[in-house]
Amino acid sequence: MKLIKVKNYQELSKIGAELLIDELEKLKRPVIGLATGSTPEGLYSEIIKYHKKTNYSFKNVVSFNLDEYIGLPEDDINSYHYYMNDKLFNHIDLPLEQTYVPNGMAEDLEAECIRYEEEIKKTGGIDVQLLGLGVNGHIGFNEPGISFKSRTQVITLNESTRNANAHFFSSGGEVPKQAISMGIKSIMETNKIILLVSGKNKAYALSKFLAGEITEEFPATILHKHKDVTVIADEAALSYEK
Ligand code: GLP
């Protein structure tokens, strides 16, 4: 595992975007795994800037998002579909039919999870996966206690996760109780992982992750077993003192 220490959120976003773009430029038909939440917003802005400045085309890129809430339609302002369109897809030339986000409105959610895994498989797998870190150690929406063998599945969100995400729902609506998330095994099968960690509120979680004890009670710790993980963390996130 490689740890890149940066000063602040701006630097984290810039360096994260550069790393991701470097990977994309190496590949003919890159498959990227995308995350939502506050953390990658700056990185997405940097990618849009790069696209506008250089004309780098995303026409050959395929993307898979980590997760989506159950019960929110695509055009709901709080859905991750909406977030991705708003923060990235509407501003670059990545064809929408090459972007995958789990369908949280599917009638048969189990079938949707299987379909999602199959779509990933059909592409040959994810080349580079972006991740954020939940304050309770979750990655995607894989909450503490989840099996390291898990595949894409329906997750019941912890109260703490719903509270942490409540600020996104300021324009109305309750944080859904469930979500679909790519599983730990699905994440571990990706070729390269970039984990972004920013802010004082992540300092405890990051120190726990860096301490290295691998446990299903803190799902992110499985990443220590992945062959190619780069963690980019800012000073605030690295500021935990016992
Ligand atoms: C959310 C998302 C994750 C995200 C994490 C951290 O619940 N499902 O994909 O990485 O929690 O979010 P944030 O970046 O807003 O702190």
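These are my notebook entries on the ligand and on one loop residue of this structure.

**Entry on the model.** I began by noting that I am working with a predicted model.

**Entry on the place of the ligand.** I looked up where the ligand is held, and I found that it sits in the largest pocket. I then listed the residues around it, which number 13, and I noted that S38, T39, D67, N165 and K202 come nearest. Sorting this shell by residue character, I wrote down three nonpolar, eight polar and two charged residues.

**Entry on the polar contacts.** Which side chains have an N or O atom close to an oxygen atom of the ligand? For K202 I recorded a distance of 2.5 Å between such a side-chain atom and a ligand oxygen, and for N165 I recorded 2.9 Å, again from an N or O atom of the side chain to an oxygen of the ligand. With G140 the partner is a polar backbone atom, which is 3.3 Å from a nitrogen atom of the ligand. I next looked up the surface of the ligand, which exposes 400 Å² when taken alone, and I noted that the protein buries 93% of that.

**Entry on G172.** I turned to G172 and located it in the loop that runs between α5 (159-165) and β8 (178-181). Is G172 buried, partly exposed or exposed? I entered it as partly exposed, because its relative accessibility is 30%, and the range for that class lies between under 20% for buried and over 50% for exposed. Lastly I compared G172 with F209, and found the two 37 residues apart in sequence and 33 Å apart in space, taken from C-alpha to C-alpha.

Methods:
Residues numbered from 1 in each chain as written. Predicted model: local features only at pLDDT ≥ 70, side-chain atom pairs only at ≥ 80, totals over all residues. Heavy atoms only, no water. Near = heavy atom within 4 Å. Polar contact = N/O pair within 3.5 Å; in protein donor to acceptor, adjacent residues only side chain to side chain. Areas by Shrake-Rupley, 256 points an atom, 1.4 Å probe, with all protein chains shown as cover. 1 Å grid on protein atoms, 1.4 Å probe; cavity = no way out; pocket = protein on both sides within 12 Å on 5 of 7 lines; lining within 4 Å. Sits in = over half its atoms within 2 Å of the grid points. Nonpolar A, V, L, I, M, F, W, Y, C, P; charged D, E, K, R; others polar. Helix = DSSP H or I, 4+ residues; strand = E, 2+ residues; numbered from the N terminus. Buried < 20%, exposed > 50% of the residue type's maximum accessible area, 1.4 Å probe, protein only.
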